[in-house]
Amino acid sequence: MRKILWLTALCTLLTVGCNNSNNVEQKDETTVDSLEIAQQDSIQKAEAEAKLNEEREAAEQQKRDEEAEQFCRQFSIEDLLDLLEHYGGAKVVQNGGLTFIYEDEIESTDGDVGEDRVVYGREIEKGDKKDFGYNLISTSKHSCYYELNLDTSTNPYLYFANKDDADSFYDRGANHKPFEYEGKTYYINNNNGVLYIDTQYDEDSFETHYCLYPPELDDGFYKIKIDVWM
């Protein structure tokens, strides 16, 4: 009888032990499953947030590109003349169309004339320092900038990141009608592809103030060289 009771008790203990062991294993499995689900949820949320940020950045970039393209297509000979005459005080700078990028100067030594460079741009960032000036980084397909170099002479340049923008500006200049600026009437005379910005000297002659040369590719930008006639 005692032997039977002892065996019964032993069986009961074994059963309880097995049940406890199964419960522990089930809890461990549940914990692992919960962790995996939480990790997957976290990954999915991170991926969704990253995708949302990418879409937001793409939309903002598209908006900047569209605004920059519109600016380039509206930038006029009158705007350029204002820059040539007043650069930092030009309306296109004052109203935020172009912003100040940098100014750099090489001081005169041993009697040499120093040099000064000023740049205003749109969708342009200042990069690494060069011996004179800085590398410029385009942040849009339609970025542009105006560069003025001053030493013994005045040397302005107009740069466009997009060839179509450069060609459009030049073509509009070539077909420009006479216009008024600061009390003077200016004429654009096309001579073998070079645009002369003139005022009328007398009935049969003109006085040239600036010359614009056709766009040419220069270090990733389409450059319009401008001669200043004194």
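What share of the 230 residues of the chain counts as buried? I began with this question and noted that 32% of them do. I keep in mind throughout that the model is predicted.

**Entry 1: the chain as a whole**

I looked up the secondary structure and found that the chain comes to 4 helices and 12 strands. I then turned to the contacts with a separation of 6 or more, and recorded that 44% of them in the chain are between residues 24 or more positions apart. For the surface I wrote down an accessible area of about 15000 Å², with 48% of this area belonging to carbon and sulfur atoms.

**Entry 2: the nonpolar cores**

I looked for the largest nonpolar core and found that it has 32 residues, with L80, F169 and L212 having the most contacts inside it. Helix α2, residues 77-86, gives this core its largest share, which comes to 5 residues. I also noted a second, separate core of 9 residues, which includes Y102, V119, I124 and F221.

I followed L212 further and, leaving aside its neighbours within four places in sequence, listed its contacts: I77, L80, F169, Y170, G193, V194, L195, I197, I224, K225 and I226. Two of these partners, L80 and F169, are also named with L212 as having the most contacts inside the largest core.

**Entry 3: the largest pocket**

I looked up the largest pocket and recorded a volume of about 200 Å³. Its lining consists of Y102, R117, K130, Y134, N135, L136, Y145, E147, Y159, D218, D219 and F221. The elements that give two or more residues to this lining are β4, residues 134-138, and β5, residues 144-150, and β4 gives the most, with 3 residues.

Which classes of residue make up the lining of the largest pocket? I counted them off as 6 nonpolar, 1 polar and 5 charged. I noted as well that Y102 and F221 appear in this lining and are included in the second core.

**Entry 4: the largest cavity**

I searched for cavities of 30 Å³ or more and the count came to 1. The volume of the largest cavity is about 40 Å³, and I listed F71, F75, L98, Y120, C144, Y145, Y146, L158 and F160 as its lining. Two or more residues of this lining come from β5 and from β6, residues 154-160, with β5 giving the largest share, 3 residues.

By class, the lining of the largest cavity has 9 nonpolar residues, with no polar and no charged ones, whereas the lining of the largest pocket includes 5 charged residues. I also marked Y145, which is listed in the lining of the cavity and in that of the pocket.

**Entry 5: G97**

I located G97 in the loop between α3, residues 91-94, and β1, residues 99-106. Is G97 buried or exposed? I noted it as buried, because its relative accessibility is 10% and the cut-off for buried is under 20%.

Leaving aside its neighbours within four places in sequence, G97 is in contact with F71, V92 and R122; F71 is one of the residues that line the largest cavity. I also looked up the pair G97 and Y120, which are 23 residues apart in sequence and 9.6 Å apart in space, C-alpha to C-alpha.

**Entry 6: two positive phi values**

I checked the backbone with one general point in mind: most residues other than glycine have a negative phi. E182 has a positive phi, near 50 degrees, and is found in the loop between β7, residues 179-181, and β8, residues 184-191. I recorded E182 as exposed, because its relative accessibility is 55% and exposed means over 50%.

D219 also has a positive phi, near 55 degrees, and lies in the loop between β11, residues 216-218, and β12, residues 221-228. At 71% relative accessibility, D219 counts as exposed, and I noted again that D219 is among the residues lining the largest pocket.

**Entry 7: A174**

I closed with A174, which is found in helix α4, residues 163-174, and counts as partly exposed at 26% relative accessibility. Which residues is A174 in contact with, leaving aside its neighbours within four places in sequence? I found N190 and L195, and L195 is also one of the contacts of L212. A174 and I77 are 97 residues apart in sequence, and 9.7 Å apart in space from C-alpha to C-alpha.

Definitions and conventions: Residues are numbered from 1 along each chain as its sequence is written. This is a predicted model: local features need pLDDT of at least 70, side-chain atom pairs count only at pLDDT 80 or more; totals for chains, interfaces and linings use all residues. Side-chain values use heavy atoms; hydrogens and water are left out. Buried means under 20% relative accessible area, exposed over 50%, partly exposed in between (1.4 Å probe, protein chains only). Contact means heavy atoms within 4.5 Å. Accessible areas come from the Shrake-Rupley method with a 1.4 Å probe; for residues, only the protein chains shown count as cover. On a 1 Å grid over the protein atoms alone, a cavity is a set of points where a 1.4 Å probe fits but cannot get out, and a pocket is an open set with protein on both sides within 12 Å along at least five of seven lines; lining residues have an atom within 4 Å of a point. Grid points are joined across faces, edges and corners, and a volume is the space filled by probe spheres set on the points. Ala, Val, Leu, Ile, Met, Phe, Trp, Tyr, Cys and Pro count as nonpolar, Asp, Glu, Lys and Arg as charged, and the others, Gly among them, as polar. A nonpolar core is a set of buried Ala, Val, Leu, Ile, Met, Phe, Trp, Tyr and Cys residues joined through side-chain atoms within 4.5 Å.
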